[in-house]
Amino acid sequence: MPIAFLVAAGFAAISTPLVSRLALAFGVIDRPSDRKVNKRANIPLLGGVAVAMGLFAGLSAVLFLHPSAEDVAPRIEGLLAGGLLILALGIVDDCWGLGAWPKLIVQIAAAAIAFQMGYRIDHVSNPVTHYVIEFPVWLSWLVTTGWIVIVTNSVNLIDGLDGLCTGVAAIIATTLTIIAWQGGHVPGIALGVVLLGALLGFLPYNFPPARMFLGDTGALFIGYSLSILALEGYGRVTVLTFLVPLLALAVPLLDTGLSIVRRIRHRSHIMQADKMHLHHRLLNEHSGSQRQAVLSIYFLTACFCLIAVSFTRLEGYAVVVFLAVILLLTFRIIRNLGILGSEAPEDDPGPTADAAENSR
């Protein structure tokens with residue numbers, strides 16, 4: 001696995017300048033506006049292509065170095081099938097722009113591919129009695145598809161500052177890899193290690209001030225990969241089967257959930273952009289310093305991920321008690337940051353502007 005990690009990181013690092021030149025040559029660049037945090041011109045998009053190339057190179061190394069690991073190849077094939085579809089979607093969106101519905105349809109198709117290849121949420125368990133409730137196939141399909149689509153879009157929506165999505169995803173990938181390792185699940189370990197390598201290989205180009213943005217290509221692909229990685233460790237080490245991956249992905253999921261609640265409260269379109277996301281609030285708190293805001297969200301993500309790992313060892317009523325404490329602390333943080341906000345959103349740029357804003 002260390003060699004696969006190095007291959008993924010090296011390939012992502014080497015391919016990033018090449019992809020950057022390609023994006024500049026074809027004019028696939030971020031275009032600053034009053035609505036966006038970025039005010040610098042000619043920052044290339046398509047950074048996700050470099051991350052994907054690193055991931056694919058790392059997975060190839062895994063298959064080459066561990067040919068006897070028979071259970072790894074089918075899982076990798078499942079990721080590649082849906083991942084390539086998401087990657088193509090992101091490239092088209094960065095080059096020409098797409099509406100919300102075409103993107104949602106493709107994401108559902110990619111999620112359906114993953115379900116067909118064996119990535120499924122098919123049960124939940126009671127943390128006190130350990131009673132397991134099995135899902136019928138149709139419900140398993142709905143829950144699994146919903147999970148993949150929600151995580152994919154949540155990671156895309158948090159991609160609003162230089163290096164934010166890449167770094168947060170690296171922290172989450174590390175956590176999910178540890179959880180897979182605790183369960184002795186080799187495909188999950190392989191995917192997690194390689195994804196982490198690809199993200200760290202790209203991060204130096206994306207950390208503030210960024211020389212290249214992920215674009216929707218990268219944010220969607222990373223979100224899809226994380227949703228699959230979470231399913232790899234699903235139910236193998238947790239008591240309340242899906243609580244741990246939910247905690248690991250708490251920051252992007254919370255930001256998305258709170259955005260929906262906030263817009264419903266203000267009777268705005270659910271996809272309408274505003275400047276009240278978590279990263280906007282922290283940017284104001286740090287007097288406009290992207291680096292400080294990004295590091296603050298890294299720290300918050302790491303805290304949730306440490307809690308997620310600790311939850312894999314809890315049993316019985318301790319799960320309920322600690323979960324209640326975490327919910328109270330999270331509510332306190334949200335309230336202090338004013339993320340829900342009683343004031344009306346600042347911007348009114350159109351119903352699909354939120355996704356368009358996030359292209360770091």
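Entry 1, a charge over a ring. I looked up arginine 120 in this predicted model and found that its charged end sits over the ring of phenylalanine 115, at 4.0 Å from the ring centre.

Entry 2, aromatic pairs. I then searched the whole structure for aromatic pairs, and the search returned two. In one of them, phenylalanine 56 and phenylalanine 221 have ring centres 5.9 Å apart and planes at 85 degrees, and because an angle over 60 degrees counts as edge-to-face, I entered the pair under that heading. I noted where the two rings come from: phenylalanine 56 belongs to helix α2 (residues 47-65) and phenylalanine 221 to helix α8, so this pair ties together parts that lie 165 residues apart in sequence. I also checked the accessibility of phenylalanine 221, which is 1% in relative terms, so the residue counts as buried.

The other pair is formed by phenylalanine 207 and tyrosine 298, whose ring centres are 6.4 Å apart and whose planes meet at 40 degrees, so I recorded it as tilted. Here too distant parts of the chain are linked, since phenylalanine 207 is in the loop between α7 (186-206) and α8, while tyrosine 298 is in helix α12 (residues 290-311), 91 residues apart. Is each partner buried or partly exposed? Phenylalanine 207 is partly exposed, with a relative accessible area of 23%, whereas tyrosine 298, at 12%, is buried.

Entry 3, helix α8. Having met this helix already, I looked at its length and surroundings: α8 has 18 residues and reaches 26 Å from its first C-alpha to its last, close to the 26 Å expected at 1.5 Å a residue. Of its 18 residues, 18 are buried, so I describe the helix as largely enclosed by the rest of the structure.

Entry 4, the nonpolar core. I asked which members of the largest nonpolar core touch the most other members. Among its 88 residues, these are Leu55, Trp147 and Leu226. Helix α8 (residues 215-232) supplies the largest share of this core, namely ten residues. For leucine 226 I listed the contacts, setting aside residues up to four places away in sequence, and wrote down Val155, Ala169, Ile172, Ala173, Leu176, Leu195 and Leu249.

Entry 5, threonine 256. Last, I located threonine 256 in helix α10 (residues 250-265), and its relative accessibility of 11% is below the 20% limit, so I counted the residue as buried. With neighbours within four places in sequence left aside, threonine 256 is in contact with Ser154 and Leu157.

Conventions. Residues are numbered from 1 along each chain as its sequence is written. This is a predicted model: local features need pLDDT of at least 70, side-chain atom pairs count only at pLDDT 80 or more; totals for chains, interfaces and linings use all residues. Side-chain values use heavy atoms; hydrogens and water are left out. A nonpolar core is a set of buried Ala, Val, Leu, Ile, Met, Phe, Trp, Tyr and Cys residues joined through side-chain atoms within 4.5 Å. Buried means under 20% relative accessible area, exposed over 50%, partly exposed in between (1.4 Å probe, protein chains only). Helices (H or I, at least four residues) and strands (E, at least two) are DSSP runs, numbered from the N terminus. Contact means heavy atoms within 4.5 Å. Rings of Phe, Tyr and Trp (its six-membered ring) pair if their centres lie within 6.5 Å; planes under 30 degrees apart count as stacked, over 60 as edge-to-face and the rest as tilted. A charge sits over a ring if NZ of Lys or CZ of Arg is within 6 Å of the ring centre and within 35 degrees of the ring normal. The expected span of a helix is 1.5 Å times one less than its number of residues.
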